[in-house]
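Below are some notes for a colleague who is opening this entry for the first time. They are meant to be read with the model on screen.

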Amino acid sequence: MRKPLIAGNWKMNTTVDEAVALVYKMIESLDKIRNVEKVICPPFISLAALAERIKDSPIKLGAQNMYFEGKGAYTGEISPLMLDDLCQFVIIGHSERRQYFNETDEIINNKVKAALKYGIKPILCVGEKLEGNEAGKTAKIVSQQLGSALADVDSLGGTVIAYEPVWAIGTGRSATGEQANETIGLIRLKITSLYDEEVAQNVRLLYGGSVTDENIAEFIKQTEIDGALVGGASLKAEQFISIVKQTAEISGS
Ligand code: 13P
């Protein structure tokens, strides 16, 4: 059985004080929901403060990015060594990093390998742009992104994969449950071909892109979807709590 996972990607939002206040609003309700793994990914500068606040809570922390070297002359970067004590997950290859910060497949592959080396679980993001979708190339693009990101990765070590179609991110236009399930099913098949059936059955695959408390049920009901990577709606305590609650109810474990 794959434990459902809901991750909140706060992106470049919240000061440290705001981040702490937001977690306080969520913590009590989220702590009561035991059968869903909950991960919050705040900006780097809030990780230490939040790690302190949630140390007695089952909520886990994730970073939104990291560099792939352990330390050295890389001004402005954050390394897996620095994150290791603070968080269990790290988002890698988000489309905003690919788009605005020129992250290539090679960089993403190096980051996945570095995260695993330091015992941090990657939340690896893949997804096609609108033109790829309209040209019917979704499966090809996602398969290529996965192959590159996981090149020379012998063991997935708890890696989570998030399918985030770029056209659905921050647009209010989510994929349908069926569309997401179809592509996520293909991702599982690709994992079978890269590893084996057992690895594919154990890896958790998320959907991301305009997930809200109104459409989460549509995704969680699907057979292949194990949770969601939530952007905007994760910044609103009530919405995020509702998303986690609905996930718990539908998964019913
Ligand atoms: P939205 O939920 O705001 O569309 O963002 C999705 C996302 O990019 C999560 O990583």
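**Notes on the model**

1. K111 is a convenient place to begin: its relative accessible area is 3%, and because the limit for a buried residue is under 20%, K111 counts as buried. Please keep in mind that the model is a predicted one. K111 belongs to helix 5, which covers residues 105-117.

2. What does K111 touch, leaving aside residues up to four places away in sequence? The list is N65, M66, Y67, F68, I92, R97 and E103. With M66 there is also a polar contact: the side chain of K111 comes to 3.1 Å from the backbone oxygen of M66.

3. E103 is the salt-bridge partner of K111, and the closest N and O atoms of the two are 2.6 Å apart. Is E103 buried or exposed? E103 has a relative accessible area of 8% and is buried. K111, at 3%, is buried as well.

4. A further salt bridge joins the side chains of R98 and D105, with 3.5 Å from N to O. Here R98 is buried, at 18% relative accessibility, whereas D105 is partly exposed, at 27%. The value for R98 can be set against the cut-off, since buried means under 20%.

5. The side chains of E224 and R188 form another salt bridge, at 2.6 Å from N to O. Which parts of the chain does this pair tie together? E224 is in the loop between helix 10 (216-220) and strand 8 (227-230), and R188 is in helix 8 (residues 177-194), so the salt bridge links parts that are 36 residues apart in sequence. E224 is partly exposed, with 22% relative accessibility, while R188 is buried, with a relative accessible area of 4%. The pair also belongs to a network: R2, R188, E224 and D226 are joined by salt bridges that share partners.

6. How many salt bridges does the model have by the distance rule? The count is 10. Points 3 to 5 describe some of them, including E103 with K111, R98 with D105 and E224 with R188.

7. Now the strands. A barrel is closed by 8 strands, in the order 1-2-3-4-5-6-7-8, and their pairing is parallel. From one strand to the next, the twist averages 25°. In general, the strands of a sheet pair through backbone hydrogen bonds, and the pairing may be parallel or antiparallel.

8. One of the pairings is that of strand 7 (residues 204-208) with strand 8: the two run parallel and are joined by 2 bridges. Within this part of the sheet, G208 stands opposite L229 of strand 8. Helix 7 (residues 138-149) packs on the sheet, where it touches strand 5 (121-126) and strand 6 (160-163). The direction of helix 7 makes about 150° with that of strand 5.

9. The last point is the ligand. There are 13 residues around the ligand, and those that come nearest are K11, H94, G170, S210 and G232. For G170, a polar backbone atom is 2.6 Å from an oxygen atom of the ligand. G231 also offers a polar backbone atom, at 2.9 Å from a ligand oxygen. In the case of N9, the contact is through the side chain, where an N or O atom is 3.0 Å from an oxygen atom of the ligand.

How values were computed. Residues are numbered from 1 along each chain as its sequence is written. This is a predicted model: local features need pLDDT of at least 70, side-chain atom pairs count only at pLDDT 80 or more; totals for chains, interfaces and linings use all residues. Side-chain values use heavy atoms; hydrogens and water are left out. A salt bridge is a side-chain nitrogen of Lys or Arg within 4 Å of a carboxyl oxygen of Asp or Glu. Buried means under 20% relative accessible area, exposed over 50%, partly exposed in between (1.4 Å probe, protein chains only). Helices (H or I, at least four residues) and strands (E, at least two) are DSSP runs, numbered from the N terminus. Two strands pair if DSSP finds at least two bridges between them. Axes are lines fitted to C-alpha atoms, for helices over the stretch in contact, and angles run from 0 to 180 degrees between N-to-C directions. Contact means heavy atoms within 4.5 Å. A residue is near a molecule or strand if one of its heavy atoms lies within 4 Å of it. A polar contact is a pair of N or O atoms within 3.5 Å; within protein, one must be able to donate a hydrogen and the other to accept it, and residues adjacent in sequence count only if both atoms are side-chain atoms.
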